[in-house]
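Visitor: I would like to go through this structure with you and hear the reasoning behind each label. Could you show it to me first?

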Amino acid sequence: MSTGARAPMLDRSAIERLIPHRDPFLLLDRIVSEDRAAQTLVAELDVRADAFWTPGHFPGMPIMPGVLQVEALAQAMAVYVARTEGFGSKLGVFAKIEECRFTRMVVPGETLSLEITMVKLGSRMGSAKGVARVGADVACSATITFVIPPDGALPRSGGPTTQSEGVAE
């Protein structure tokens with residue numbers, strides 16, 4: 001599935017040390033390149049036939065949900081941000097998704113290449129343009145904005161204990 005041209009810059013276990021996502025929701029298999037001068041990062045996801053979404057989206061005709069393609073782009077951006085000085089383990093959450101387009105179906109057996117280019121990166125907010133491709137074909141593109149919530153705003157293990165705790169969705 002992978003382009004296999006060279007060894008990954010970061011493998012899945014290295015990615016797990018940078019961002020909190022875990023199976024079945026970790027949607028990156030490897031980071032293949034990063035260019036700090038250009039503010040870009042390229043990751044890959046091998047779209048597997050046994051992915052959690054294949055039985056139901058759609059039975060007998062699995063197509064990777066577009067929302068998961070956007071999530072994979074956001075996770076690639078999270079890796080870039082986590083590798084940026086001063087961010088470390090800070091957790092960013094979606095603030096906005098703009099100019100999102102889906103132009104090609106993605107199916108099991110394909111490798112999704114996820115390229116993000118940072119547009120803005122401040123201490124509590126950032127945005128990137130993301131493009132997901134299969135080979136040379138664009139499957140999805142979007143501008144994604146994240147915010148780092150203030151300390152104490154996110155629920156911790158076990159989730160909020162009262163209605164007033166946590167972040168409203």
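Guide: Gladly. Let us start with Ala 139: beyond its neighbours within four places in sequence, Ala 139 is in contact with Gln 69, Arg 101, Phe 102, Thr 103, Arg 104, Val 106, Leu 112, Ala 132 and Arg 133. The place of this residue is in strand 7. Please keep in mind that the model is predicted.

Visitor: Why is Ala 139 called buried?

Guide: The cut-off for buried is under 20% relative accessible area. Ala 139 has 0% relative accessibility, so Ala 139 counts as buried. One of its contacts is Leu 112, which lies 27 residues away along the chain, with 8.5 Å between the two C-alpha atoms.

Visitor: And what makes Ser 127 buried?

Guide: The relative accessible area of Ser 127 is 11%, and the limit is under 20%, so the label buried applies to Ser 127. Ser 127 belongs to strand 6. Leaving aside neighbours within four places in sequence, its contacts are Met 77, Met 118, Val 119, Lys 120, Ile 144, Thr 145 and Phe 146.

Visitor: How much of the protein chain is buried?

Guide: Buried residues are 39% of the 169 in the protein chain. As for the surface, the chain exposes about 9400 Å², and 55% of that comes from carbon and sulfur atoms.

Visitor: How do you know which strands make up the sheet, and in what order?

Guide: Two strands count as a pair if there are at least two bridges between them. Strand 1 and strand 2 have two bridges and run antiparallel; one of the opposed couples is Asp 11 and Arg 30. Strand 2 and strand 3 are joined by five bridges, again antiparallel, including Asp 35 with Thr 40 and Ile 31 with Ala 43. Strand 3 and strand 5 share seven bridges in the antiparallel sense, with Leu 41 opposite Ile 116. Strand 4 and strand 7 also pair antiparallel, over seven bridges, and Phe 102 has Cys 140 as its bridge partner in strand 7. The outcome is an open sheet of seven strands in the order 1-2-3-5-6-7-4, with antiparallel pairing.

Visitor: Why are strand 1 and strand 4 said to stand at the edges?

Guide: Strand 1 (10-11) and strand 4 (93-102) each have a single partner strand, so one side of each has no neighbour in the sheet.

Visitor: Which strands does helix 2 touch where it packs on the sheet?

Guide: Helix 2 touches strand 1, strand 2 (30-35), strand 3, strand 4, strand 5, strand 6 and strand 7. Its direction makes about 55° with that of strand 5.

Visitor: What links strand 2 and strand 3 in sequence?

Guide: These two strands form a hairpin with four residues between them. In the turn, Gln 39 has a positive phi of about 60°.

Visitor: Why is strand 3 described as largely enclosed?

Guide: Seven of the seven residues of strand 3 are buried, so the rest of the structure largely encloses this strand. In a regular strand the side chains alternate between the two faces of the sheet. Here both faces are covered: Thr 40, Val 42, Glu 44 and Asp 46 are buried on one side, and Leu 41, Ala 43 and Leu 45 on the other.

Visitor: Which residues touch the most other members of the largest nonpolar core?

Guide: They are Leu 28, Leu 112, Leu 114 and Ile 116, in a core of 40 residues. Two or more core residues come from each of helix 1 (12-16), strand 3 (40-46), helix 2 (66-82), strand 5 (111-121), strand 6 (125-134) and strand 7 (137-147). Helix 2 gives the largest share, ten residues. Leu 114 has contacts beyond four places in sequence that include Leu 27, Leu 28, Leu 41, Ala 72, Leu 73 and Val 131.

Visitor: How confident is the prediction, and where does pLDDT stay under 50?

Guide: The mean pLDDT of the protein chain is 90, with 89% of residues at 70 or more. Residues 159-169 stay under 50, and the model has eight contacts beyond four places in sequence for them. Where pLDDT is low, the predicted coordinates should not be read in detail.

Note on methods: Residues are numbered from 1 along each chain as its sequence is written. This is a predicted model: local features need pLDDT of at least 70, side-chain atom pairs count only at pLDDT 80 or more; totals for chains, interfaces and linings use all residues. Side-chain values use heavy atoms; hydrogens and water are left out. pLDDT is the predictor's confidence in each residue, from 0 to 100. Contact means heavy atoms within 4.5 Å. A nonpolar core is a set of buried Ala, Val, Leu, Ile, Met, Phe, Trp, Tyr and Cys residues joined through side-chain atoms within 4.5 Å. Buried means under 20% relative accessible area, exposed over 50%, partly exposed in between (1.4 Å probe, protein chains only). Accessible areas come from the Shrake-Rupley method with a 1.4 Å probe; for residues, only the protein chains shown count as cover. Axes are lines fitted to C-alpha atoms, for helices over the stretch in contact, and angles run from 0 to 180 degrees between N-to-C directions.
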